Each structure stands twice: as structure tokens, then as C-alpha cells.
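Trainee: I want to learn how the words used for a structure are earned. Can we go through one together?

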Amino acid sequence: MFELVTDFLSDWYFWTKSLHVMSVLAWMAGLFYLPRLYVYHVEGLKKQGVKRGSDMDLLFQHQERMLLKAIMNPAAVSTWFFGLCLVFTPGIIDWSMQWPWIKGACVIAMTVFHLFLARARLKFVDGTNDLAGRQWRMMNEVPTLLMFLIVISVIVKF
């Protein structure tokens with residue numbers, strides 16, 4: 001049975017890799033955009049006329065929920081699924097090198113960041129967000145740093 005799985009993974013390697021890259025692109029787009037939406041949401045709530053529970057507040061909440069539920073969550077799950085398929089494809093990863101460990105740690109960190117953003121959405125819903133627009137702007141750099149480390153690790157393979 002194990003041999004059938006590894007043969008399948010080897011035969012479908014390029015398809016799996018392609019689906020993994022597409023999933024990562026979708027996930028990263030969400031990880032870049034959701035903190036930016038939070039910036040607009042926070043700053044919108046500070047402006048006159050945009051109040052908690054207003055049409056604008058509800059519009060932001062809807063956009064944030066849809067981005068998470070319709071794009072980011074499925075993309076994260078498919079990124080993990082196809083990534084693990086690549087991990088289990090024979091001959092792809094040399095575990096004696098540093099790059100797969102660094103990539104793995106960064107992907108776990110990216111997942112934790114995703115979960116942090118999801119929890120933050122709930123704080124916007126119940127009106128308890130305590131981060132300012134400037135703080136959300138800084139949060140926008142987290143996926144950029146992780147992406148940098150992941151891409152360098154995978155391409156350079158140190």
C-alpha cells in the first residue's frame with residue numbers, strides 16, 4: 001500500500017507542486033489583504049459617521065468574514081495538503097539540510113498568524129479590537145517576512 005502511495009505522489013509531483021503554488025498564492029493574497037482591511041476598519045471607525053454597527057462597519061465585517069471563509073481558509077488548507085503531499089513524495093526533500101526546517105517553521109508561523117487574524121476578526125465583530133491602524137500596518141509586514149524566508153529557503157536550498 002505504501003508503495004502505491006509513493007508511486008502516485010511521484011507520478012503526480014508536478015501537478016501537486018503546481019496546486020501547492022496556486023494555493024500559496026491565494027493564501028498569501030489573503031494574508032496581505034486582511035490586515036489592510038483591518039487598518040481601514042479601525043481608521044473608519046475613528047472617522048465621524050462611521051460607528052460600530054453602522055452600515056460601513058457591517059460592510060467591513062462582511063468583507064473580512066468572506067475573505068477568511070471563502071479564500072483564506074480553503075487556501076490555507078489546500079496549501080497544507082499539497083505541501084504535505086510534496087513532503088511525502090520520495091526524493092524531494094533532503095532532511096539533512098536546513099531549508100526544509102526553516103520553511104516548515106515559517107509555514108507554522110504563517111498558520112499561527114492566520115489564526116491570530118481570524119481571532120482578531122471576532123474582536124471587530126464584538127467591538128473589542130484594541131489595535132490601532134498603525135499596529136495593523138506593522139502586522140502587514142509579518143507575511144512579507146515569512147514569505148521572504150520561505151522563498152529563499154526553497155530556491156537557494158541551503
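Mentor: Start with R121, which sits in helix α4. Helices here are DSSP runs of H or I with at least four residues, strands are E runs of at least two, and both are numbered from the N terminus. This is a predicted model, where local features need pLDDT of at least 70, side-chain atom pairs count only at pLDDT 80 or more, and totals for chains, interfaces and linings use all residues. Residues are numbered from 1 along each chain as its sequence is written, and side-chain values use heavy atoms, with hydrogens and water left out.

Trainee: Why does R121 count as buried?

Mentor: Set its value against the cut-offs. Buried means under 20% relative accessible area, exposed means over 50%, and partly exposed lies in between, with a 1.4 Å probe and protein chains only. R121 has 10% relative accessibility, so R121 counts as buried.

Trainee: Which residues does R121 touch?

Mentor: Contact means heavy atoms within 4.5 Å. Leaving out residues up to four places away in sequence, R121 touches Y38, Q61, E64, R65 and L68.

Trainee: How do you know that the span of α4 agrees with the expected one?

Mentor: The expected span is 1.5 Å times one less than the number of residues. For the 28 residues of α4 that should give 40 Å, and the end C-alpha atoms are 41 Å apart, so the two agree.

Trainee: What do the buried residues of α4 pack against?

Mentor: They pack against α2, α3 (55-87), α5 and α6. Among these buried residues are W99, C106, F113, L117 and F124. After α4 comes G127, with a positive phi near 75 degrees.

Trainee: Now α6. How far does it reach?

Mentor: α6 covers residues 141-156, 16 in number, and reaches 22 Å from its first C-alpha to its last. That is close to the 22 Å expected at 1.5 Å a residue.

Trainee: Which residues of α6 are buried, and why do we say that they line one face?

Mentor: P143, L146, I150 and S153 are the buried residues of α6. Seen down the axis of α6, they fall within an arc of 100 degrees, so they line one face of the helix. The arc is taken from the directions from the helix axis to the C-beta atoms. The general rule helps: an α-helix has 3.6 residues a turn, so residues three or four places apart point the same way.

Trainee: What covers that face, and what is on the other side?

Mentor: The cover of the buried residues includes α2 (13-46), α4 (99-126) and α5 (133-139). On the other side of α6, L145, F148, I155 and V156 are exposed.

Trainee: What makes a nonpolar patch there?

Mentor: A patch is made of residues with over 30% relative accessible area and no salt bridge; like charges are joined within 9 Å, and nonpolar side chains (Val, Leu, Ile, Met, Phe, Trp, Tyr) within 5 Å. L145, M147, F148, L149, V151, I152, I155, V156 and F158 form such a patch on the surface. Together they have about 820 Å² of accessible area, by the Shrake-Rupley method with a 1.4 Å probe, where only the protein chains shown count as cover for residues.

Trainee: Is F158 buried, partly exposed or exposed?

Mentor: F158 lies in the segment after α6. Its relative accessibility is 34%, so F158 counts as partly exposed.

Trainee: And K157?

Mentor: K157 is found in the segment after α6. At 36% relative accessibility, K157 counts as partly exposed too. Its phi is near 55 degrees, a positive value in a residue other than glycine.

Trainee: What about N140, buried or exposed?

Mentor: N140 lies in the loop between α5 and α6. At 9% relative accessibility, N140 counts as buried. Its contacts, not counting residues up to four places away in sequence, are L31, F32, P35 and R36.

Trainee: Why are E43 and R137 called a salt bridge?

Mentor: A salt bridge is a side-chain nitrogen of Lys or Arg within 4 Å of a carboxyl oxygen of Asp or Glu. The side chains of E43 and R137 meet at 2.7 Å, N to O. The pair links distant parts of the chain: E43 is in helix α2 and R137 in helix α5, 94 residues apart. The structure holds one salt bridge.

Trainee: What does the whole chain look like?

Mentor: It has six helices and zero strands. Of its 158 residues, 35% count as buried.
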